[in-house]
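Visitor: I should like to learn how a protein structure is read. May we go through one together, feature by feature?

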Amino acid sequence: MKNALRWYTILATVVGISIIILVVIAVPLNHAHQVVPGLFPEGSSGQTLGKTISAVLGTAHGFIYMGFLLVAFWLSRLARWPIAFTAVTLVCGTIPFLSFWAERRAIRRVRALMDDSRSSAAVGA
C-alpha cells in the first residue's frame, strides 16, 4: 500500500498543479482577446502563449489524469475505501484547488489505516 500511496501523492500533486496552470493562466491568456480585444488582440504573444500552454499542458494533463485515476482506484481497493469516498476523490481531481483537499483527505485516511495495521501487527507479535 505504501507504493500505491507514493504514486497517488505524486500524481495527485502533478494533476492538481497542472489543472491550476491551465485554468488560471492558459485559458485566460488564450481567450483574453474575446474579453478585451484592444488590450489582447487576437494572435498576440499572450494568446499564442496561452494556446501553446493549453495544447501542450492540456494534453499532458489528460494523460497524467488517466494515470491518476488508475492509481487512485488501485489505492482505493487496497485501502478498501467505500465507493462514495472513492468517487469523491476521483471527481475532485478535476476541480482546481479542491484536488489538494481530496488528496490530503485520502492520504490521511490511508496513513491512519497503515498506522492501525502496524499497531495490530505489533500487538499480535
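**Reading the fold**

Guide: Let us begin with the order of the elements, which from the N terminus on is α-α-α-α. Please keep in mind that this is a predicted model.

Visitor: How many helices and how many strands does the protein have?

Guide: The secondary structure consists of four helices and zero strands.

Visitor: How may one judge the overall form of the chain?

Guide: One compares the radius of gyration with that of a compact globule. For 125 residues such a globule would have a value near 14 Å, whereas this protein has 19 Å. The spans along the principal axes add to the picture: the C-alpha trace covers about 70 × 20 × 20 Å.

Visitor: What share of the residues is buried?

Guide: Of the 125 residues, 33% are buried, a term that requires under 20% relative accessible area. As for the surface, the protein exposes about 7500 Å², and 71% of that area is supplied by carbon and sulfur atoms.

Visitor: What do the contacts tell us about parts of the chain that are separated in sequence?

Guide: Here one takes the contacts between residues at least 6 apart in sequence and asks which of them span a greater separation. In this protein, 70% of those contacts join residues at least 24 apart.

Visitor: How are the charges arranged?

Guide: One may compare the mean position of each kind of charge. The protein has 11 positive and 4 negative charges, and their mean positions are 6 Å apart.

Visitor: Which backbone angles deserve attention?

Guide: One looks for a positive phi in a residue other than glycine. R80 is one such case, with phi near 55°. R80 is placed in the loop between α2 (45–78) and α3 (83–92).

Visitor: Is there a second case to study, and where does it lie?

Guide: F97 also has a positive phi, near 70°, and is a residue other than glycine. F97 belongs to the loop between α3 and α4 (98–124).

Visitor: Why does R80 count as exposed, and why does F97?

Guide: The cut-off for exposed is over 50% relative accessible area. R80 counts as exposed because its relative accessibility is 71%. F97 likewise counts as exposed because its relative accessibility is 53%.

Visitor: Finally, how should one read the confidence of the prediction?

Guide: One consults pLDDT, for the whole chain and then for each element. The mean for the protein is 91, and 96% of its residues reach 70 or more. Among the elements, α2 has the highest mean, 94, and α4 the lowest, 86.

Methods
Residues are numbered from 1 along each chain as its sequence is written. This is a predicted model: local features need pLDDT of at least 70, side-chain atom pairs count only at pLDDT 80 or more; totals for chains, interfaces and linings use all residues. Side-chain values use heavy atoms; hydrogens and water are left out. Helices (H or I, at least four residues) and strands (E, at least two) are DSSP runs, numbered from the N terminus. The radius of gyration is taken over C-alpha atoms; the globule rule is 2.2 Å times the number of residues to the power 0.38. Buried means under 20% relative accessible area, exposed over 50%, partly exposed in between (1.4 Å probe, protein chains only). Contact means heavy atoms within 4.5 Å. Accessible areas come from the Shrake-Rupley method with a 1.4 Å probe; for residues, only the protein chains shown count as cover. Lys and Arg count as positive and Asp and Glu as negative; His and the chain ends are not counted. The place of a charge is taken as NZ of Lys, CZ of Arg, CG of Asp or CD of Glu. pLDDT is the predictor's confidence in each residue, from 0 to 100.
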